[in-house]
Amino acid sequence: MSCVNLIEKERNAIINPLKTCQPLGAMYAVTGIRRAVPLVHGSQGCSTFVRYSLSRHFREPSEIAVTSLHEDAAVFGGRRNLIEGLQNVAIRLNPSLIGVITTCSSEIIGDDIIGFIKTAKKELAEKIGEEKTEKIKIVPINTPSFVETHLKGYDNAVKALIDHIAEPSEPNEKINIIPGMVNPGDIREIKHILGLMDIEGIVLTDISDPFDSPLRPSATELKPYYPKGGTTVEEIVDSANSTGTISLTKYAGSGAVSLEKKYNVPVELGPIPIGVQNTDQFLRNLKKLTGQDVTDDILDERGLLIDSMADLSSRYLHDRTVAIYGDPEITAGMARFVGELGMVPQLVLTGASNKEFVPDIGKVAKETGVEIDTMVGGDLRQMEVYLKDNPVDLLIGSSDGRLIAKEAEIPLVRIGFPVYDRVGYHRHPIVGYNGGIHLIDLITNTVLENYYEHQHWKLQQ
Amino acid sequence: MPYKLFDVSKPIPERKEHTYVKHCNDPEDCIPKCNSKTIPGSMTERGCAFAGAKGVITGAIKDVAHVVHSPIGCTMYGYGSKRYPTTTELPDGSEFPVKDFNIKYIIGTDLQESDVVFGGMKKLRQAVLETNKEFPFVNAIYLYATCTTGLIGDDMDAVAKEMEEELGKPVIAFNAPGFAGSTQSKGHQIGNDTLFAKIVGTTEPPATTPYDINFIGEYNIDGDLWLLKEYFNEIGINILSTFTGDCCHNELGWMHRAKLSVVRCQRSSTYIAKMIEEKYGVPYIKTDFFSTEYCAENLRTVAKFFGLEDKAEEVIAKRMAKVGPELDFYRKKLTGKKVFIFSGGPKSYHLSIPLHNELGLETTGVSSMFEHEDGFEKMKDRVKEGALVIDDPNTLELEELIEDYDIDLILGGVKEKYLVHKLGIPSLLIHSYENGPYMGFEGFLNLARDMYSAIYNPVWNILEFQETEDPDVADVTGEVAEEVEK
Amino acid sequence: MEPKLEPIVETFKSREKHMCVKGEGLSIPVCDKASLPGTVTQRTCVYGGARIVLMPITDSIHLVHGPIGCAACTWDIRGSKSSREDLYKKGCSTDLGEKDIIFGGEKKLFETVIELRKLYNPGAIFVYATCVAGVIGDDIKAVCKKTEEVTGCRVIPVQSEGFQDHNKTKGHWIGCDALLDYVIGTREPEKTTPFDINVVGEFNVAGDFWGFKPLLEEVGVNIISTITGDSHVDEIAQAHRARLNIVQCQKSSNYLAKKMEKRYGIPSIKVNFFGLEQTVNSLREIADFFGDPEMIERTEKIIESGLAEVEHKTDEYRERLQGKTVALYVGGNKAWSLVRAFEELGMGVMMSGTKNGIREDYERIKEAVRDGTIIVDDANSTELARLLKKYRPNLLISGAKEKYIALKLGVPFCDFNHDRISAFAGFNGFVSFAKEVDASVSSPIFDLTSTSLRGD
C-alpha cells in the first residue's frame with residue numbers, strides 16, 4: 001500500500017499556476033544582501049509584478065530597479081538600457097552590489113550582459129572614479145523565465161553571487177547556510193539554532209531583516225532607504241573559507257556544490273528542517289561539519305515540540321487527511337511532518353517538475369504506510385478537480401488555494417509563499433523545532449475551529 | 001523656474017522636465033513631460049502593457065477565460081491580483097455558473113525553452129482547446145501576447161481566428177506585449193482598440209430603453225460599480241453595457257445601441273468612447289464620481305441628458321442626508337492635513353479639489369505613473385500654487401519628497417506603501433482601495449474614514465527614531481552626485 | 001510480576017496497602033480512607049460528586065451557594081450532551097462575600113433563586129450547599145421551600161457541603177438523595193406500558209447514551225427517564241412508574257437503584273454498553289428480564305445486525321493493538337466496565353484503579369481483571385508516575401489531571417473522562433473507541449521521543 005501514486009496532469013495548459021518564473025527567485029536572493037539592488041533587465045512588468053507580489057506577502061518595501069525595455073530595445077537590443085540603468089543605480093543608490101537579473105525578453109534578444117557590464121563599469125569609472133566603481137560589485141544573473149521555476153532563479157542567483165564574489169583566504173570556522181526561499185521567521189530560527197550550538201554562520205542570502213524590518217525612521221535623514229541587515233558582501237567573499245555549507249534545499253544547492261568544487265568546502269544538501277526528523281537531520285549535518293555537539297537547550301526545544309505532539313496529535317489530528325501544495329522542498333518536508341503527527345498526507349502537489357521530488361515523497365509513504373497521491377508539475381486547478389472526488393480534512397499551502405478551500409469547504413492552513421490574505425505568517429518559522437511547534441499549533445487550532453467548534457463542549461479542555 | 005530637479009536626481013538631469021512646480025501665472029503648456037520612455041534604472045514604479053491590457057481592461061469581464069501566452073511568470077502575476085468582484089448575473093436573465101470567475105481562474109501556456117526556439121503557436125492552440133474543455137461554459141476566450149511571444153513572433157491573431165472557427169465562439173488576441181509603449185497605458189489603448197475592432201457592433205441587446213447608457217472605464221474596483229449603479233437605477237437610467245466592470249463578453253458587443261457613453265476612467269477608456277461616437281454616433285461625456293460634489297454634479301449632467309433632473313435631485317438629497325453628518329466629523333478632523341497623491345492616472349486630478357473642498361485637506365502634490373498631457377493639464381489646474389505635479393516619480397524622489405515636504409498622508413499603491421511607512425508617514429492604498437468602495441457618496445465616506453484612521457493611527461505618535469548613524473548607510477548620494485556634476 | 005512482599009512502588013508505609021496484585025492474598029486494596037495530607041491526591045470533594053450526578057439534567061438551573069470558586073471551577077465541565085435545553089450549562093453562583101459569611105447568606109440565596117426563576121423559567125433550580133454554606137449554617141432547605149412556594153418552580157436543596165467526607169461517593173449519594181426526596185414520584189406519567197424502564201447512571205458524556213438508546217428502542221422497552229443524561233426534571237419525576245432500572249454507572253448510581261427498589265419495588269439490573277460482548281449481554285439481560293418471546297427474538301436480531309455492522313471495522317486497529325497493555329485509573333465505574341472492551345481489542349489491562357472506590361467497587365474490579373493485574377486505590381500523582389515508569393503500559397486511560405503526567409513519561413494517553421471526544425457506547429461506539437485507542441497507542445510520535453542526537 002505504501003507508495004507514491006503519480007497523477008499526471010491531463011492537459012498542457014496551466015490553470016492557476018503553483019509556480020512563477022525565475023527572475024522572482026533572483027530578486028528575492030539579491031534582496032538578502034546588505035545594501036544590494038536587484039536590477040531587472042526586462043520590461044517594467046518584470047519588476048513591478050514581483051515587487052507587488054513580494055510586498056503583499058512580506059508587507060515590506062521591495063525596492064527593485066528595472067531597465068525598462070520598450071519596443072526600440074526589443075528591436076535593437078537592450079544595450080543602452082542596461083548600461084544607463086547600471087550607472088543610474090550605481091550613482092544614485094550607491095549600493096554595495098547590483099544583481100543584474102535577466103528575463104525572457106533580454107535572454108531572447110540575446111543581450112551580451114557581461115560585455116554590457118564591462119562597458120558600464122568603464123563609463124562609470126570615468127564619472128565617479130576607479131575606486132568607487134570597484135567598490136560596487138556587479139553580478140550578472142541569468143534567469144531565463146522559460147526554464148524551470150522561481151526556485152531555479154534563486155539557485156542561479158546564489159550560485160552567481162558565490163561564483164563572482166567568493167574568494168579563498170584563511171579558514172574561518174563558519175558554516176554557510178543556503179536557506180532556500182523561506183520566510184524571515186525561518187532564517188531567524190536557523191540562526192537561533194546555530195547560536196545554541198555556538199556556530200557562526202553565513203546565510204546566503206539572509207532576507208530575514210530586509211523582509212521584516214523595524215519601523216524606526218532615521219533621525220539623520222539618510223537616503224536612500226536600505227533595510228537593516230542582510231548578508232554583507234564581505235561575508236559572501238568569506239564563504240569560500242567556511243568549514244562547510246548546508247543547503248536547506250537540494251533544489252537550490254548549485255552554489256554549495258560550486259563552493260565544494262572550487263574551494264573544497266564540504267556540502268550537505270537538504271532536507272529542509274521541517275518536523276522532527278528533518279530537524280534532527282539538520283543537527284546531525286551541523287555536527288558532522290563542525291564537530292559541535294547538540295546542546296541541552298536544543299534538546300529541550302525538541303522536547304517541547306515532542307510534548308505538544310504527544311498532547312495534540314493522537315487526540316485531534318490522528319488519521320485526518322491532508323492535501324499539501326507548494327514548492328517541492330517545503331511540500332515534501334510538510335508531508336513528512338504531517339506523517340509524524342499521525343495525519344495522512346493524502347495528496348501532495350508541486351508546481352515544479354523536479355524529479356527528486358518523487359523519491360522524497362516515496363520515503364514519506366514508506367514511513368507513514370499510506371499511498372500518497374502525488375502531482376508533479378501540477379497546478380491548482382488539478383487539485384481543485386481532484387478534491388471534488390477525493391475530499392480531505394485539511395489543506396496546507398499558500399493563499400492561492402484560498403478560493404478552492406472556500407468552495408470545497410475545507411479549512412486551509414497557510415504556509416509558504418505567497419500568503420496575502422492573513423497577516424504575520426512571514427514572521428513565524430516553520431523550520432526547526434520551534435517551527436514545528438508553531439505549525440502544530442496552527443494545524444490543531446484550524447482543526448479545532450473547523451471540526452470541534454460546533455460541538456463546543458469538546459473544547460472545554 | 002517652474003521645473004524642479006530633486007537632489008537625488010541630479011545624476012539624471014532629464015528628470016527635471018518631469019517635475020513641475022505649480023505657478024499660477026505659468027503659460028498653459030507648462031506641464032511635466034510625460035508618457036515618454038522611462039529612464040533605465042531610475043527605480044520607476046511603472047508597470048507594463050500586459051498589465052494595462054489584462055490587469056486593467058479585460059480582467060474585470062466575468063464570463064471569459066483568459067489565456068496568457070507566456071513563460072509562467074506573467075500568468076502567475078495575472079492571477080487574481082486586482083479587486084474586480086463579479087456576480088453571476090447575465091443580461092439575458094441567465095446565470096453564469098461560477099461567481100468571480102475572472103478572479104478565480106487564469107490559464108497560461110507555460111512556455112519552455114523549446115517553445116522559444118521552435119515557436120509557441122501549437123501550444124497556444126492546444127491551450128485554447130483545453131480551456132474550452134475545462135470551462136465549456138465561457139462565452140469567449142481571450143489570448144494575451146507577452147514579451148516572449150512578441151519577440152519570438154507568434155501570430156496570435158492567426159491562432160485566434162483559427163480557434164474561433166473551430167470552437168464556434170469568440171477567441172480574441174490582445175497584442176500588448178510588456179515592452180509595448182512606455183507604461184501600462186499602452187496596454188489600455190490596445191485593449192480598447194481590440195475590443196472595439198472585434199466586438200462592438202457584433203451583438204444586439206435583449207431589450208433597449210430610451211435611457212440606455214454605456215458606463216465606460218468603470219471596473220467595479222471593490223464594488224464601485226454596484227454603488228453607482230444604484231444611483232443610476234434610482235434615477236431611471238439603464239446601464240446597457242459596462243466597460244468592463246462586472247460585465248460579460250456579449251454586453252460589449254451592443255455598446256453601439258446606447259444613447260450616451262458615460263466615461264469614468266478617462267485615461268484608460270476614452271479611446272473606445274471616441275471610436276463609438278465616430279462610428280455609431282453615440283455621444284460621450286467625461287465624468288467623475290469621486291466625492292459628493294463631483295458625484296452630484298455628474299449625476300445631474302447625465303440625468304439632464306435624459307431629462308431626469310428631478311429624479312437625480314432626489315437621489316442626491318437622499319444620499320447626502322445619509323453621509324453628510326459623518327463627513328462633517330471627518331472634515332473637522334482632516335482640515336489642514338497635507339496629502340500627496342501618487343496614483344496611476346486620473347485619481348490625481350479627481351481627488352485634489354474634493355479633498356480640499358469637502359474634507360479640508362491640502363494637496364502638497366500630485367503625480368502619476370502613466371497619465372498623458374491632457375491628464376496632467378487637469379492635474380495642474382486643480383492644485384494650488386506651489387504644489388508639485390510629477391510624472392513617474394521614482395522611489396528616491398519619493399523619499400526626498402517625504403523628507404523635504406510636510407506630508408501627513410500619501411495615497412499610493414502597495415509597492416510604495418511600506419517604504420512610506422518606514423519613513424514614518426502613513427499611507428493609504430488608492431489603486432485597489434483599503435476598505436472601499438471609494439466612489440460615490442457612501443464611497444467618499446469610506447475614503448474619509450480610511451484617511452482619518454490612517455492619519456490618526458496612534459502609532460505615528462510613538463515612533464522611536466534611529467539616532468545613530470550606521471556607517472554602512474552613509475549618505476553618499478550627494479557626494480557622488482556632486483562629482484558627476486563636476 | 002514483582003514478588004509479593006516487595007511494595008508495588010516506593011511510597012509511604014501507610015499507602016503500601018492501597019495497592020495490590022490480583023491473585024495474591026486478598027486481592028483487594030485498602031480503600032475508602034482519607035487521603036494522606038500533603039500528597040497530590042487526584043480526588044475531588046463531596047460537592048463535586050453531587051454536581052456530576054445532577055448536572056446533566058438539562059432544563060434546570062444549577063445554583064451553587066458558596067464563594068465564586070466552587071461554581072467557577074465546575075462550570076460546564078461535565079461533557080454531557082443535550083438534545084434539547086442548554087440551561088444546565090449556565091454557571092450560577094450566589095458569590096458569597098465576606099459580609100455574607102458574617103451575617104449569613106440566606107437572603108442572598110433567596111433573592112438569587114427568585115432572580116434566576118424570572119430570568120430563565122427553568123424546570124427546576126438545584127441549590128448546592130458548599131463548605132462555606134455549611135460552616136456559616138445557612139438553612140438551605142428552608143430557603144428552598146420558601147422560594148418554591150413563592151415561585152411555583154421546583155427548588156431543590158442538595159446538601160453537598162464539600163468537607164462532609166473524604167470520598168466523593170458520598171456526594172453521588174447526596175445527589176441521588178435529592179432526586180429521591182424531591183423529584184422522583186412527584187408526577188404521574190400520561191400512560192404506562194409493561195416495558196417501562198429508567199436508564200440509571202448514564203450521563204450522556206460525549207453522547208454515549210445516544211449510542212445505545214436506539215438499540216433499547218428497537219428492543220421495545222419504553223424509556224421513562226434517564227438519570228440523568230440528557231434529561232428533563234419532569235421525566236425523572238415519573239421514574240417511580242418504571243418496571244425496571246438498568247444501571248450503567250454502578251459506582252454513582254447503584255445507590256439510587258437500590259433505594260428505588262426499596263421504596264417502589266423496582267428491580268434493577270447492571271448493564272454495560274462499553275464493548276461488544278458487554279453490549280450484547282446487556283441487551284439480552286434486559287430482554288430476558290421481561291421474558292417476552294417477541295422481544296427476545298427481536299433482541300437477537302438486533303444483536304446480529306449490530307455485530308454484522310461493525311464486523312471487520314476494528315480489524316485494522318486490533319491488528320496494531322494486539323498484545324499492548326493498558327492501565328486504567330478512573331473515578332470508579334470504568335475501572336471494571338472497560339476491562340472486557342480492551343480485551344476485545346486484544347489488549348491486556350495490567351492495572352486498574354480508582355480515586356474514590358469503596359470496597360464493593362474493588363470487588364467488582366477484582367472480578368473483572370485477570371490474575372496479576374495491579375489494583376490501586378487513590379494513587380497520588382507521585383505514585384501514579386512511579387507506576388507508569390516502572391510498569392510502562394502502552395496506554396493510560398484516565399482524566400485531564402493525569403494526562404500530562406503520562407505524556408511527559410512518554411506513555412500514550414486517552415481521555416475517558418468528561419473531556420472525551422467520541423461516544424464509545426454501543427456497537428458503533430466500540431468502533432470509535434477502537435479508533436481512538438489506536439490513535440493514541442499507535443501514534444508515530446512516541447517513536448520520536450528517543451534519538452541519539454547527542455554524543456557520537
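This note goes through a predicted model point by point, from confidence and chain contacts to domains, one helix and some backbone details.

1. Basis and numbering. Being a predicted model, it is read with a pLDDT of at least 70 required for local features and 80 or more for side-chain atom pairs, while totals for chains, interfaces and linings use all residues. Residues are numbered from 1 along each chain as its sequence is written, and chains are lettered from A and ligands numbered from 1 in the order in which they are written.

2. Confidence. The predictor assigns the complex an ipTM of 0.91 and a pTM of 0.87. For chain C the average pLDDT (the predictor's confidence in each residue, from 0 to 100) is 90, and 98% of the residues score at least 70. Where pLDDT is low, predicted coordinates should not be read in detail.

3. Which chains touch. Two residues are taken to be in contact if their C-beta atoms, placed from the backbone, lie within 7 Å. There are 2 pairs of chains that touch, and the pair A and B has the most contacts. Chains B and C are not joined by any contact, and their closest C-alpha atoms lie 37 Å apart.

4. The contact of chains C and A. Here 19 residues come from chain C and 23 residues from chain A. On the chain C side, the elements giving two or more residues are α19 (400-408) and α20 (426-441); helices (H or I, at least four residues) and strands (E, at least two) are DSSP runs, numbered from the N terminus. That side of chain C consists of 10 nonpolar, 5 polar and 4 charged residues. In this classing Ala, Val, Leu, Ile, Met, Phe, Trp, Tyr, Cys and Pro are nonpolar, Asp, Glu, Lys and Arg are charged, and the others, Gly among them, are polar.

5. Domains of chain A. The assignment gives domain 1 (4-14 + 297-459), domain 2 (22-165) and domain 3 (174-293); such bounds come from an automatic or database domain assignment. Taken over C-alpha atoms, the centres of domain 2 and domain 3 of chain A are 23 Å apart. Between these two domains of chain A, 24 residues of domain 2 are in contact with 27 residues of domain 3. On the domain 2 side, α1 (22-31) and α8 (150-165) of chain A each supply at least two residues, and the largest share, 9 residues, is from α8(A). By class, this side of domain 2 has 13 nonpolar, 4 polar and 7 charged residues.

6. Domains of chain C. Chain C is assigned domain 1 (46-182), domain 2 (196-310) and domain 3 (315-447). The centres of domain 2 and domain 3 of chain C, over C-alpha atoms, are separated by 25 Å. In chain C, 23 residues of domain 2 are in contact with 22 residues of domain 3. Elements giving two or more residues to the domain 2 side are α9 (208-219), α11 (250-264), α12 (276-290) and α13 (293-310) of chain C. Of these, α9(C) gives the most, with 5 residues. The domain 2 side holds 11 nonpolar, 8 polar and 4 charged residues.

7. Helix α7 of chain C. This helix has 12 residues (140-151) and an expected span of 16 Å, which agrees with the 16 Å between its end C-alpha atoms; the expected span is 1.5 Å times one less than the number of residues. A residue is buried if 20 or more other C-beta atoms lie within 10 Å of its own, exposed if 12 or fewer, and partly exposed in between, with C-beta atoms placed from the backbone. The buried residues of α7(C) are C:Ile140, C:Val143, C:Cys144 and C:Thr147. They are on the same side of α7(C), because they cover an arc of only 100 degrees around the axis, the arc being that of the directions from the helix axis to the C-beta atoms. An α-helix has 3.6 residues a turn, so residues three or four places apart point the same way. The buried residues of α7(C) pack against β2 (60-65), α5 (106-120), β4 (124-129), α6 (131-136) and β5 (154-158) of chain C. Exposed residues C:Ala142 and C:Glu149 are on the face turned away from the buried side. After α7(C) comes C:Gly152, with a positive phi near 75 degrees.

8. Backbone details to check. The peptide bond from B:Phe243 to B:Thr244 is cis, with omega near 5 degrees, and B:Thr244 is in strand β7 (residues 238-244) of chain B. Another cis peptide bond runs from C:Ile227 to C:Thr228, with omega near 10 degrees. A:Ser68, although not a glycine, has a positive phi of about 50 degrees; A:Ser68 is buried, with 29 C-beta neighbours inside 10 Å.
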